[in-house]
Amino acid sequence: MKFEIHGFEMKYWEGVADIWLSPECQWGGLQLPLQSRDAIRKTLEHAPATTTRLVAIEKEQGRVIGTLSLGQMSGRRSHAAEVGLLVRDDFKGKGIGSALLSSGIDFAENWLG
């Protein structure tokens, strides 16, 4: 399966919402269950400037199949970051999470210090 990693843009918000609302991501992720799609959109629209989001896009159909959030800390912890990683339930085990994590680490080490 072919996919690409992109920086998040609001045109991807619905695909990210689909992932956040999927059963396995709700069970094993840090997002609260039963969020409305409106609340998810607002969260994505109003992310802190220190948050970087990446998405994995399936080439064939152009849908979002994974997402990574990298939130850089501030002050004495500016060398550290919080990472959130989610992959669509039906695309797990295909290297998407590994590719997102690798891209996130590369970005953090080479661009954020």
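Two strands count as paired here if DSSP finds at least two bridges between them. Keep that in mind for this predicted model, where strand 1 and strand 2 (residues 51-58) pair in the antiparallel sense over five bridges. They belong to an open sheet of four strands, and two of the helices covered below lie across strands of that sheet.

**The sheet**
- The strand order is 1-2-3-4, with antiparallel pairing.
- Strand 1 (3-7) and strand 4 (81-87) sit at the edges with a single partner strand each, so one side of each has no neighbour in the sheet.
- From one strand to the next, the twist averages 15°.
- If you want a spot to look at in the strand 1 and strand 2 pairing, try His 6, whose bridge partner in strand 2 is Val 55.

**Helices across the sheet**
- Helix 1 (residues 13-20) lies across strand 2, strand 3 (64-72) and strand 4, and runs at about 90° to strand 3.
- Helix 1 is mostly covered, with six of its eight residues buried; among them are Trp 13, Val 16, Ile 19 and Trp 20.
- Helix 4 (residues 96-112) lies across strands 1, 2, 3 and 4, at about 30° to strand 3.

**A nonpolar patch on the surface**
- Val 83, Leu 85, Leu 101 and Ile 105 make up this patch, and together they have about 310 Å² of accessible area.
- Strand 4 and helix 4 are the elements that each give two or more residues to the patch.
- Leu 85 is in strand 4; its relative accessibility is 35%, so it counts as partly exposed.

How values were computed
Residues numbered from 1 in each chain as written. Predicted model: local features only at pLDDT ≥ 70, side-chain atom pairs only at ≥ 80, totals over all residues. Heavy atoms only, no water. Axes fitted to C-alpha atoms, helices over the stretch in contact; angles between N-to-C directions. Contact = heavy atoms within 4.5 Å. Buried < 20%, exposed > 50% of the residue type's maximum accessible area, 1.4 Å probe, protein only. Patch = residues over 30% accessible without salt bridge, like charges linked within 9 Å, V, L, I, M, F, W, Y side chains within 5 Å. Areas by Shrake-Rupley, 256 points an atom, 1.4 Å probe, with all protein chains shown as cover. Salt bridge = Lys/Arg side-chain N within 4 Å of Asp/Glu carboxyl O.
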